[in-house]
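Let's take a walk through this fold together, from the sheet outwards. Have the structure open and follow along as the elements come up.

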Amino acid sequence: MVGKYIAIEGPDGAGKTTQLKLLAKAFEQAQLKYITVREPGGTDVGKQLREILLTGHADKMDGVMEALLFSADRRHTAMTITKPSLEKGMFVLSDRTYLTTMVFQGYGRGLNRDILETLTQIAIDTIRPDLMVVLDVDEQTSLQRKGVQAQAGLQEIRFESMGESFHARNRKGYLSEAAKNSETYWVLDASQGMEAIHHSIVAEINQRFGLNLQAVI
């Protein structure tokens, strides 16, 4: 039995990490076998790459270097965690995927799409989500939420320093990619409350995969 791969994506500040934690609790409550991963930073090697990518200064790396580092992290996570877990029949719940690179380095940074597609293919081959939940939030709300996190002492704000226009391009990228992949990508309004978003995600997963998850809030 091959497991299912569910990813939560979207702009910075959309609430991905919060929703992934709630979803993991729902899987645990249902006593289903699952594992959570995040990109970047899903492995020991990835944690080092995450620090480089998300806490450095915006002028220290260009988009090509970012894409290469993200892809290196992605390859390691896919081969050492995601693929083996799926082969064991587990659910893999991921905080971000290759879609982040397609959006941030493609739409945001303006890198050539063919190059990014090639890097993605090298990194993950056919290991792609069965469901990509795209949390949609406007760039003003995104930056406002990340600003609150920064004030709370969270330092992963390198991309936030690139300005509102960068995040506006990213949002457009997420919606454009979702429109191209409507069978797998599912867009959800992330301006709603945390509880409403969680209930919607649980309902969608139950419908798609024939599960009986219960919301945990």
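What follows is a short tour of a predicted model, taking in its sheet, its cores, one helix and a few residues in loops.

## The sheet

A good place to begin is the open sheet, whose five strands run in the order E2-E3-E1-E4-E5 with parallel pairing. Strand E2 (34-38) and E5 sit at the edges, each pairing on one side only. On average, neighbouring strands in this sheet are turned by 20 degrees against each other, direction ignored.

Look next at the pairing of E1 with strand E3 (residues 91-95): the two run parallel and are joined by four bridges. Here you will find Tyr5 standing opposite Val92 in E3.

Two helices that pack on the sheet are worth picking out. H1 touches E1, E2, E3 and E4, and its direction makes about 165 degrees with that of E3. H7, in turn, touches E1, E4 and E5, with its direction at about 135 degrees to that of E5.

## Two nonpolar cores

The largest nonpolar core holds 24 residues, and Leu99, Met132 and Tyr185 are the ones that touch the most other members. Two or more residues each come from strand E1 (5-9), helix H3 (63-87), helix H4 (98-108), helix H5 (113-124), strand E4 (131-136) and helix H7 (164-180). H4 gives the largest share, with five residues.

Tyr185 deserves a closer look. Leaving aside neighbours within four places in sequence, Tyr185 is in contact with Tyr98, Leu99, Met132, Val134, Glu177 and Ala178. Apart from this core lies another one, of 23 residues, including Leu23, Leu93, Val133 and Ile197.

## Helix H8

Helix H8 (residues 194-209) has 16 residues and spans 23 Å from its first C-alpha to its last, close to the 22 Å expected at 1.5 Å a residue. Its buried residues are Ile197, His198, Ile201, Val202, Glu204, Ile205, Asn206 and Phe209. These buried residues pack against E1, H1, E4 and strand E5 (185-189).

Why might buried positions in a helix recur at such spacings? An α-helix has 3.6 residues a turn, so residues three or four places apart point the same way. Just after H8 comes Gly210, which takes a positive phi of about 65 degrees.

## The end of H1

Gln29 belongs to helix H1 (residues 16-29). With a relative accessible area of 48%, Gln29 is partly exposed, as this value falls between the 20% and 50% cut-offs. Setting aside residues up to four places away in sequence, Gln29 touches Gln214, Ala215 and Val216. Gln29 and Leu213 make a nice long-range pair: 184 residues separate them in sequence, while their C-alpha atoms are 8.0 Å apart in space.

## Two positive phi values outside glycine

Most residues other than glycine have a negative phi. Against that background, two loop residues catch the eye. Gln31, in the loop between H1 and E2, has a positive phi near 60 degrees. Arg96, in the loop between E3 and H4, also has a positive phi, near 80 degrees.

Are these two residues buried or exposed? Gln31 is exposed, because its relative accessible area of 73% is over the 50% cut-off. Arg96 is buried, because its relative accessible area of 9% is under the 20% cut-off.

Key:
Residues numbered from 1 in each chain as written. Predicted model: local features only at pLDDT ≥ 70, side-chain atom pairs only at ≥ 80, totals over all residues. Heavy atoms only, no water. Core = buried A, V, L, I, M, F, W, Y, C linked by side-chain atoms within 4.5 Å. Buried < 20%, exposed > 50% of the residue type's maximum accessible area, 1.4 Å probe, protein only. Contact = heavy atoms within 4.5 Å. Expected span 1.5 Å × (residues − 1). Pairing = 2+ DSSP bridges. Axes fitted to C-alpha atoms, helices over the stretch in contact; angles between N-to-C directions.
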